Amino acid sequence: MRVIDSHTAGEPTRLIVSGGPDLGTGSLAARAKRLFCDHRSFCASVLLEPRGHDAVVGALLVPPSDRTSAAGVIYFNPVGPLGMCGHATIGTAVSLHHLGRLDLGQHRIETPVGSVGVQLQTPTRAAVENVESDRHRAGVVVEVQGLGQVVGDVAWGGNWFFLTSVIPAPLTLANVEVLTRGAVLIRKALADQGITGRDGAMIDHIEFVGPPMTSVGHGRNFVLCPGTAYDRSPCGTGSAAKLACLAADGDLAPGVQWIQESVIGSTYTLHYRPGRGPNAAVIATITGEAFVTGDTVLNFDPADPYRAGITP
Ligand code: PYC
């Protein structure tokens with residue numbers, strides 16, 4: 001199986017170029033479902049130890065159903081499929097350029113939640129015009145064991161997020177363990193108390209938001225991804241969700257730049273234009289840098305007891 005590894009603002013992406021499962025035809029959403037129902041062990045074997053680790057996001061290249069898109073991509077982490085993935089879209093564009101399959105310039109990439117615009121600006125920098133984002137609910141109160149009442153917003157940025165400034169510790173790398181523990185408790189409390197995204201969708205990303213810690217940033221975050229891995233980057237879809245909240249509060253005008261810091265201090269630069277949907281929907285553009293870290297053939301030896309990954 002040929003894979004290209006990259007990281008975007010510190011967050012790893014493994015692009016599966018060949019040797020992945022055949023998911024047939026149909027919408028990318030249907031093919032993403034098939035990937036997880038019928039090929040679960042493929043996902044674990046590609047992402048987890050001993051070949052990877054739980055923060056790696058997989059990006060399976062598939063033929064697009066939308067003929068205007070340069071590629072179709074299904075994103076997944078060890079726990080399940082992702083809708084959109086900002087960091088992995090930047091990583092995919094940079095990796096496709098590395099392979100000589102994508103020129104600098106404007107393209108579209110199809111994902112299970114819609115096609116996104118990708119402007120590959122240099123061999124390592126891309127701007128992604130995301131799917132429409134909005135704040136679904138504001139000022140939601142959730143009772144969290146050990147943390148008390150936590151107030152936050154539920155927003156869509158291509159995945160579902162609960163964003164809160166009620167943080168268990170400052171948003172620094174030294175506090176990743178306590179931040180992870182707090183975010184896991186909040187996600188469980190949301191599920192237990194029936195707090196969801198639209199149409200009962202599970203909120204699987206928790207985003208702690210706070211003030212910037214660098215001289216260039218406008219805000220900092222810590223994002224817990226599905227499972228227990230945190231995003232080393234500022235999370236593209238989480239940053240888009242944050243812009244939707246800022247726009248809904250009247251705190252950021254269209255076209256004005258927002259620099260989002262991650263918990264490791266890496267950054268994305270964003271702005272938005274108004275969307276069409278309700279809740280002051282926005283179409284955010286996320287610009288960031290990715291670097292190819294490996295161009296690899298993965299082996300799956302039938303005699304290897306851990307060929308399917310180390311799973312609980
Ligand atoms: O960048 O959108 C993102 C993302 C989602 C999960 C991990 N990264």
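**A buried helix between two domains**

In α3, the buried residues are G86, H87, A88, T89, I90, G91, T92, A93, V94, S95 and L96. The model is a predicted one, and this helix makes a convenient starting point for a walk through it. With 11 of its 13 residues buried, α3 is largely enclosed by the rest of the structure. Its length also fits expectation: at 1.5 Å a residue the 13 residues of α3 should span 18 Å, and the end C-alpha atoms lie 19 Å apart, which agrees. After α3 comes G100, a residue with a positive phi near 80 degrees.

The setting of α3 becomes clearer at the level of domains. The protein is divided into domain 1, covering 2-130 + 293-297, and domain 2, covering 131-283. Taken over C-alpha atoms, the centres of domain 1 and domain 2 are separated by 22 Å. Contact between them involves 23 residues of domain 1 and 25 residues of domain 2. On the domain 1 side that touches domain 2, at least two residues each are supplied by α3 (86-98), β7 (114-122) and β8 (125-129). The largest share of that side, 3 residues, comes from α3. Sorted by class, the side of domain 1 that touches domain 2 holds 10 nonpolar, 10 polar and 3 charged residues.

The ligand brings α3 back into view. Around the ligand there are 13 residues, of which C85, G86, H87, G236 and T237 come nearest. Two elements, α3 and α5 (236-248), give two or more residues to this shell. Two of those nearest residues, G86 and H87, are also among the buried residues of α3. Both domains take part in the shell, since at least three of its residues are drawn from each of domain 1 and domain 2. In composition, the shell around the ligand divides into 5 nonpolar, 6 polar and 2 charged residues.

Attention can now turn to H205, a residue placed in strand β12, which covers residues 205-210. H205 is buried, with 24 other C-beta atoms within 10 Å; the count needed for a residue to be called buried is 20 or more. Apart from neighbours within four places in sequence, the contacts of H205 are N159, W160, F161, V223, L224, C225 and G238. The C-alpha atoms of H205 and V184 are separated by 9.4 Å, although the two residues are 21 apart along the chain.

The strands at the start of the chain give a picture of their own. Strand β1 (residues 2-8) runs antiparallel to β2, and 7 bridges join the two. Across this pairing, S6 stands opposite T13 in β2. The hairpin of β1 and β2 has 2 residues between the strands, and in this hairpin A9 takes a positive phi near 50 degrees. Strand β2 (residues 11-18) is itself mostly covered, as 6 of its 8 residues are buried.

From β2 the pairing continues to strand β3 (residues 57-62), this time in parallel, through 4 bridges. T13 has V57 of β3 as its bridge partner, while R14 is matched with G58 in β3. T13 thus figures in two pairings, with S6 opposite and with V57 as bridge partner in β3. Strand β3 in turn runs antiparallel to strand β4 (residues 71-77), to which 5 bridges join it. G58 appears again here, standing opposite F76 in β4.

Burial is a marked feature of β3, where 6 of the 6 residues are buried. In a regular strand, side chains alternate between the two faces of the sheet. For β3, V57, A59 and L61 point one way, G58, L60 and V62 point the other way, and all are buried.

Helix α2 (residues 40-47) completes this part of the model, with F42, C43, S45, V46 and L47 buried. The partners against which these buried residues pack are β2, α1 (28-38), β3 and β4. Three of these partners already met one another in the strand pairings, β2 with β3 and β3 with β4.

Technical notes: Residues numbered from 1 in each chain as written. Predicted model: local features only at pLDDT ≥ 70, side-chain atom pairs only at ≥ 80, totals over all residues. Domains from an automatic or database assignment. Contact = placed C-beta atoms within 7 Å. Nonpolar A, V, L, I, M, F, W, Y, C, P; charged D, E, K, R; others polar. Near = placed C-beta within 6 Å. Expected span 1.5 Å × (residues − 1). Buried ≥ 20, exposed ≤ 12 C-beta atoms within 10 Å, placed from the backbone. Pairing = 2+ DSSP bridges.
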